[in-house]
Amino acid sequence: MSLIFDFLQPRREFDLNLKGDFDKGITGIFGSSGAGKTSFFNIIAGIEKPKSGYVALNDRVLTDSARKIHVPIHKRGIGIVFQENLLFPHLTIRDNLLYGYKYSREKRVKLDEITDLLDLSGILDSKPYQISGGEAQRTAIGRAILTSPDLLLLDEPFNAVDYKLRANILDYIKRLNGVLDIPVLVISHDFSDLEKLTKNFYFINRGKRERFDRDICFQCC
Amino acid sequence: MSESVLVTVLISIKIGILATVFNIPIAVIISYFMGRYNFKGKQIIDGIINLPLVLPPVTTGYILILIFGKYGIIGSLLFNLTGIRIAFTQTAAVISSMVVSFPLIVRSIRISIEMIDQKLEVASMTLGANKIETFIRITTPLILPGLISGFILGFARSMGEFGATITFAGNIEGETRTIPLSVYSLLQVPGRENSAALLVVISVLISFLAMFGSSVINKKLSSWRVKQ
């Protein structure tokens, strides 16, 4: 299970030019706001098409500009949790969680496991507007995992929740990582949050990967 | 109720429902493209769609004759190939209603399409749904209030349609004579005011029920749109 990428995407202020490979386990994607973290996720997930370069997941080419390959979003098998959890307002929590379940070929996780793991059993019949920010965040995470993705992307999963709940979400992500055997990339602009999750970091500054240095990071971010 | 009044009411409802049912899918597709994509000439298309709102309906009816009449661009072709005549039939009444009510339906659907957070559709695709499945499972339920109010508005406009219908479909009893045409005809005949009054009451009732129904449904639907 690994993700390999090398791409170039021009942006208004600077070029996003990233290269790397990630194995299973959690990697913290870290950088100041506007550094290109979300665009990085969009390119991996197929939401944005890079100008040039490639993305491959488990030896399956997802994007390759030279060969004009661009696998559409829904065929990538990548779970993504957005900053604004984006639950479907007209569906119950249960239907939100099961939304992508029928599309996954390998059903490696079951609804019961996820609701237990993420403490969602009590709210399955509620609508998104009836639940708290932390519950919504966990539902969004559970919904992505229930598609049995080969890669999980979490974009600022601590943003929507207040400080007290952060430790809670961190704990859930750690628990999930013990169950899933896939690469998990977590975006955050808060280094202390990431530090609690993992020892692997990928530091993005103005569209480029930079050598990770704790002291520099604390100054710039 | 006299038989002719009943026939008139039924014809009106039939034409109104047919016109709206045929209009909705076209309006959804047009609204989707107009709401989502920018292309050259978008404003011109927007103008053409909305034209029947500002054109006098009689003019719209005349334009329809020029297109679908026996000697019209499409009408002559159809008549020569199949022998089918459109003008001055019930089909013509349905077409008149469709054209006149179309901009109202597009407006209410387009507003609700533009209100949808497009990221919800992206989220749906990252969960494995393709574009069509996303449209069915996410977009359609989210624009449902717009669809319903579009349906009601379109239906109500069709029920009230007069000018285009009388020009393009004529005023044929039992065929194209809808409530407004019938009220007009009855008022031309001395002593038939009672039948006209009855039709007016029925038409007020139908319109009121339609508006009331749509506001009830909208209220129910809006419960989950809170905090969307």
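**Why we call it that: A:Arg94, A:Asp116 and the A–B interface**

Modeller: Leaving aside neighbours within four places in sequence, A:Arg94 is in contact (heavy atoms within 4.5 Å) with A:Leu111, A:Leu124 and A:Asp125. Heads up: this is a predicted model, where local features need pLDDT of at least 70 and side-chain atom pairs count only at pLDDT 80 or more, while totals for chains, interfaces and linings use all residues. Residues are numbered from 1 along each chain as its sequence is written, chains are lettered from A and ligands numbered from 1 in the order in which they are written, and side-chain values use heavy atoms, with hydrogens and water left out.

Biologist: What makes the link between the side chains of A:Arg94 and A:Asp125 a polar contact?

Modeller: A polar contact is a pair of N or O atoms within 3.5 Å; within protein, one must be able to donate a hydrogen and the other to accept it, and residues adjacent in sequence count only if both atoms are side-chain atoms. These two side chains come in at 2.6 Å, so the pair passes the distance test.

Biologist: Why is A:Arg94 called partly exposed?

Modeller: Buried means under 20% relative accessible area, exposed over 50%, and partly exposed in between (1.4 Å probe, protein chains only). A:Arg94 has 29%, so it lands in the middle class.

Biologist: And why does A:Asp116 count as exposed?

Modeller: Its relative accessibility is 52%, which is over 50%, so exposed is the right word. A:Asp116 sits in helix α3 (residues 111-117) of chain A. Helices (H or I, at least four residues) and strands (E, at least two) are DSSP runs, numbered from the N terminus. Past its neighbours within four places in sequence, A:Asp116 is in contact with A:Ser121 and A:Arg175.

Biologist: Now the two chains. How do you know that A:Glu84 forms a salt bridge with B:Lys119?

Modeller: The rule wants a side-chain nitrogen of Lys or Arg within 4 Å of a carboxyl oxygen of Asp or Glu. Here the closest N and O atoms are 2.3 Å apart, so the pair qualifies. Two elements of chain A, β7 (78-81) and α4 (133-145), each give two or more residues to the side that touches chain B.

Biologist: How many salt bridges does the rule find across that interface?

Modeller: Just one. Zooming out, 21 residues of chain A are in contact with 23 residues of chain B.

Biologist: What makes an area "buried" between chain A and chain B?

Modeller: Buried area is the accessible area (1.4 Å probe) that two parts lose on being put together, summed over both. For these chains that is about 2,100 Å², with carbon and sulfur atoms giving 68%.
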